[in-house]
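Visitor: I have not seen this structure before, and I would like to be taken through it slowly. Could you show it to me before I begin to ask?

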Amino acid sequence: MKKQILSLVLLSFFVATSYAQLRQNFYQTSCPNVESIVRSAVTKKFQQTFVTAPGTLRLFFHDCFVRGCDASVFLSNPNAERDHHDDLSLAGDGFDTVIKAKAAVDNNPSCRNKVSCADILALATRDVVALTGGPSYKVELGRRDGRISTKKSVQHKLPHPEFTLDQLNTMFASHGLSQTDMIALSGAHTLGFSHCGQFSKRIYTKSGIDRTLNTKYALQLRQMCPVNVDPRIAINMDPTTPRTFDNVYYQNLQQGKGLFISDQILYTDNRSRPTVNLFASNNNAFNQAFVAAMTKLGRVGVLTGNQGEIRRDCSRVN
């Protein structure tokens, strides 16, 4: 028992020490224009395709929840994270956004091979949130890129569409994130899309339609996802304002329009409903909570100092 406690204390110390080395002005002397360079590349990509926004945002979440925010999701090998079935739906435009931003940074002689892919992903995520109407916020920097990426490491590390509140809270708590953080981060579902196969069991149950789902909305989903349709057909996560980062996601939950069980449970469970109601009625409260949660998420499992590397190519270790 004493050994277990000591292990937990040492782990907590290691984690705290790692993210304590992150700071907003990390590249002030080595690459002072890194934020404007990344923002310019991300904006250009966003103007080409809207999927840049939800794709990048989701990529950041998937990266941080598996091995920490170390850009390991970018690595290509015969047994990589990105090949796990939970990551196969990650949009190629998310990867391309970071690759283009990395190229733009390295095209600056003073910045070449000085900025990690992990930091570029964190900056790009902030930028796509702002580009879609969400808050802009300061990003802590100084992450190093990881050298390991395995398919096995993804198993049981990402939330699934049918998760209960307890399952969500347990998974997020394992990364130091509270229930309020989890509800705020779920608001990222205000952007982007899912696929018919991810929620078909809600609209085609033995008894008809999931009782927690708005009937009119469920019938619309049935029209878009008829029986035996290609399960990869894309459906907006937010049926009201799918291209705007706002608090309408929470208003949708109040109306029974959460696409996943794990979305709607945030409203149907009495323990989380008050936070949903707050965010639904107060966009500023949601934005503030989202920024706080994203800052905490960006500290998860980070590598700093000599713990990792600065990859020259985001898809390969040096």
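The questions and answers below go through the nonpolar cores, one helix, some aromatic rings and a few single residues.

Guide: Please keep in mind throughout that this is a predicted model.

Visitor: Which helix gives the most residues to the largest nonpolar core?
Guide: The largest nonpolar core has 75 residues, and those with the most contacts inside it include Val38, Phe74, Val105 and Tyr250. Nine of the core's residues come from a single helix, covering residues 117-131, and no helix gives more than this one, which is H5.

Visitor: How many residues does the other core have?
Guide: Apart from the largest core lies another one, which has Ile203, Ile209, Tyr217 and Leu221 among its members. The number of residues in this other core is 13.

Visitor: Within what arc do the buried residues of helix H12 fall?
Guide: Helix H12 spans residues 273-281, and its residues Thr275, Val276, Phe279 and Ala280 are buried. In an α-helix there are 3.6 residues a turn, so residues three or four places apart point the same way. The exposed residues Pro274 and Ser281 are carried on the face of H12 turned away from the buried side. Seen down the axis, the buried residues of H12 line one face of the helix, because they fall within an arc of 135°.

Visitor: Which helices do the buried residues of H12 pack against?
Guide: One link can be followed through Tyr250, which is in contact with Val276, Phe279 and Ala280, among others, and these three residues are buried in H12. Taken together, the buried residues of H12 pack against helices H7 (179-186), H10 (248-254), H11 (261-268) and H13 (283-297).

Visitor: What is the angle between the ring planes of Phe65 and Phe172?
Guide: This pair, one of 13 aromatic pairs in the structure, links distant parts of the chain, with Phe65 in helix H3 and Phe172 in helix H6, 107 residues apart. Phe65 counts as buried because its relative accessibility is 0%, and Phe172, with a relative accessible area of 3%, is buried too. The two rings lie 4.9 Å centre to centre in an edge-to-face arrangement, and the angle between their planes is 65°.

Visitor: Which residues form an aromatic cluster with Tyr249 and Tyr250?
Guide: Tyr249 and Tyr250 are both buried, and they form an edge-to-face pair with 80° between the planes and 4.9 Å centre to centre. The one aromatic cluster that holds these two tyrosines is completed by Phe245, Phe279, Phe286 and Phe290.

Visitor: To which residue does the backbone oxygen belong that lies 3.0 Å from a polar atom of the Asn247 side chain?
Guide: Asn247 sits in the loop between strand E2 (234-236) and H10, and it counts as buried because its relative accessibility is 8%, where the limit is under 20%. Among the residues that Asn247 touches are Ala280, Ser281 and Phe286. The backbone oxygen lying 3.0 Å from the polar side-chain atom of Asn247 is that of Phe279.

Visitor: Is Ala71 buried or exposed?
Guide: Ala71 is found in the loop between H3 and helix H4 (92-106), and its phi is positive, at about 60°, although this residue is not a glycine. The relative accessible area of Ala71 is 0%, and therefore the residue is buried.

Notes: Residues numbered from 1 in each chain as written. Predicted model: local features only at pLDDT ≥ 70, side-chain atom pairs only at ≥ 80, totals over all residues. Heavy atoms only, no water. Core = buried A, V, L, I, M, F, W, Y, C linked by side-chain atoms within 4.5 Å. Buried < 20%, exposed > 50% of the residue type's maximum accessible area, 1.4 Å probe, protein only. Helix = DSSP H or I, 4+ residues; strand = E, 2+ residues; numbered from the N terminus. Contact = heavy atoms within 4.5 Å. Arc of directions from axis to C-beta. Phe/Tyr/Trp six-rings, centres within 6.5 Å; stacked < 30°, edge-to-face > 60°. Polar contact = N/O pair within 3.5 Å; in protein donor to acceptor, adjacent residues only side chain to side chain.
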